[in-house]
Amino acid sequence: MVKVGEKNSLLVLLLLVLCSLLYAGFAAEALNYDYTASLECLEKPHKAQYGGGIVLNPELDDGLEGWSAFGEAKIEERVSGGNNFIVAHSRNQPYDSSSQKLHLQKDKLYTFSAWIQVSSGNAPVAAVLETNAGLKYAGAVVAESGCWSMLKGGLTVDASGPAQLYFESKNTSVEIWVDSISLQPFTQEQWKSHQHQSVEKTRKRNVRLQAIDAKGNPITGATMALKQNKANFPIGAVINEFVINNTVYQNWFTKRFTVATFGNQLKWYSNEKSPGKENYSFPDAMLQFCKKNGINVRGHNILWDDPVMQPKWVPSLSPTQLRSAADRRINSVVNRYRGQFIAWDVVNENLHFTFFEDRLGANYSAAVFQKTHQLDPEPVLFLNDYNTLERIDDASVKPRRYLEKLKEIRSFSGGKLSLGIGLEGHFEAAPNLPYVRAAIDTLAEAKVPVWITELDVSTMPDQARHFGEILEEAHAHPAVNGIVTFGTWSPRGCYRMCLTDGNFKNLPPGDVLDKLLKQWSHEGLVGVTNADGFFDSSLFHGDYQVRVTHPTLMTKSSLIHSFKVPSTDTSQEAAVLLVKVSA
């Protein structure tokens, strides 16, 4: 929209949205974080990240210097194809392996990586640090024979002191081969600097606005007031049916969020409490609220693989009856909301549970993904499960297990599906941020959308602070495409965390969220053009409106223009928008 002032005024606004990926450095002097991971099993391992960090002799170029046997294992150095590595053999206990003594500090965040191989078959291998306060797991990988697999993880410790790094596998019949070991400490300030650098690079663009007159001369001292109308990065929350008629609830939600997930209202047990008697009244009304307010919706969920989360009449069905009922459910819910959701959680939590697979065959989940795509081809189809980020010790949902499941689903369908990774994020303890980051690094190698889908933190000391830490880590990670929180108030009670009270007044987690939402947007940004008519800023991706005022315009005059800061991967491109304003 353009408003024209006095007849003798003529202004040309030249908007140069410089979409380069160049970004300013951060104040803290920090070693850059290495986001790379590898899913391939390689003939030769990569070099140790960070040169090994605090690990002595990380690539075994100096024999066994710094390394010793742990437990009753025997260790030796071997060479293959010019590559040196350490071998632990004659193992009788899971912890029998190679080891190195280290010193860890309480306030540091440690990122860990190593390349692992076993002598035969394949076996899970974990990296463990024995400290005075107990064992700390850094991560795990299913290692194979004949090639090297990358283990990437991380940890923090509760107290400074000595630690002993070793490797663990319950399969004591295999030798554990290790190479390119790295344990890199970062200070809290350095960790924050990584987040800042990543946000500047992946969430923002350098933007240059220039005001010039009709003759092409720059306008010095023009005031440019910017307003962000919409942010590109999706931040959402769960909603329930009480949003339908509660205007306070509605205003609270629409002010903050661009994505909604329906809590229980779209689940099978809510829509078909009795066989053949379907009721979609709540999700229908909730969807209308979202449409009216420009809110995108994630379809949660079509089926749920947890046996205790079925409609009460389902567990007693025969396999034939179950297949018929499940097919009816899939056709009903997907066809009803076809083209109206941005995503589907297809078979919820099917890494932890196997209700349908146990009764209808091992490929049943993959078949549901395929059928969903056939019925509704546009939305991203998500695997959605918990503990991949929350717990380092849940083998069911290790990052590589997620990726194996994705591969199975894609293979079953011939590779034609648009798949995504949903990480619920129900944290029951303080987050292990180095492991969270490393897990997402590994998942990112699948090159599919990654969302945090149900984020909350259980009641604990510093609950709000931990909630904020996870939000910041997720928002900053270049592989994360969206975040949905599960802390919305309900008269039935919040799931684990409440953002507000029943009057939608913030509780501490809500204050943290609002602070970050403000930090991730531009509110009241005003600048003045320099001698060359330029105003430069780094802006978050999104839709903007700029109002330009200048003394050459009369008091009632202003020029308003809308523009976009795109979130594309193309660097070094400039989009030039020229707007002439005249009587």
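I began with Glu472, and I noted that in this predicted model Glu472 counts as buried because its relative accessibility is 18%, and buried means under 20%. I then looked for its partner and found that Glu472 forms a salt bridge with Lys192, with the closest N and O atoms 2.7 Å apart. This pair links distant parts of the chain, since Lys192 sits in helix α1 (residues 188-202) and Glu472 in helix α10 (residues 463-476), 280 residues apart. Lys192 itself I entered as partly exposed, because its relative accessibility is 39%.

Next I turned to Glu59, which forms a salt bridge with Lys47, and I wrote down 3.4 Å for the closest N and O atoms. Both residues lie in the loop between β1 and β2, and they are 12 residues apart. Which of the two labels, buried or exposed, belongs to Glu59? I put Glu59 down as buried, because its relative accessible area is 17%, whereas Lys47 counts as exposed because its relative accessibility is 65%.

My third pair was Arg78 and Glu76, a salt bridge in which the closest N and O atoms are 2.8 Å apart. Arg78 counts as partly exposed because its relative accessibility is 23%, and Glu76 also counts as partly exposed, with 30%.

I then looked up how many salt bridges the structure holds, and the number I recorded is 22. I also noted a network of salt bridges that links Arg401, Glu404, Lys405 and Glu408.

For charges on the surface, I looked up a negative patch and found that Asp61, Asp62, Glu65 and Glu77 form it. I followed one of these residues further: Asp61 is placed in the loop between β1 (11-18) and β2 (68-70), and Asp61 counts as exposed because its relative accessibility is 55%, where exposed means over 50%.

My last entry concerns Leu183, which I located in strand β11 (residues 176-186). Leu183 counts as buried because its relative accessibility is 1%. What is Leu183 in contact with, leaving aside its neighbours within four places in sequence? I listed Gly52, Gly53, Ile54 and Val55 among them, and the list also includes Leu102, Leu104, Tyr110, Thr111 and Phe112, as well as Leu129 and Leu155. I finally checked Leu183 against Tyr50, which is 133 residues away along the chain, and I wrote down a separation of 8.3 Å between their C-alpha atoms.

Methods. Residues are numbered from 1 along each chain as its sequence is written. This is a predicted model: local features need pLDDT of at least 70, side-chain atom pairs count only at pLDDT 80 or more; totals for chains, interfaces and linings use all residues. Side-chain values use heavy atoms; hydrogens and water are left out. Helices (H or I, at least four residues) and strands (E, at least two) are DSSP runs, numbered from the N terminus. Buried means under 20% relative accessible area, exposed over 50%, partly exposed in between (1.4 Å probe, protein chains only). Contact means heavy atoms within 4.5 Å. Patches are made of residues with over 30% relative accessible area and no salt bridge: like charges are joined within 9 Å, nonpolar side chains (Val, Leu, Ile, Met, Phe, Trp, Tyr) within 5 Å. Accessible areas come from the Shrake-Rupley method with a 1.4 Å probe; for residues, only the protein chains shown count as cover. A salt bridge is a side-chain nitrogen of Lys or Arg within 4 Å of a carboxyl oxygen of Asp or Glu. Lys and Arg count as positive and Asp and Glu as negative; His and the chain ends are not counted. The place of a charge is taken as NZ of Lys, CZ of Arg, CG of Asp or CD of Glu.
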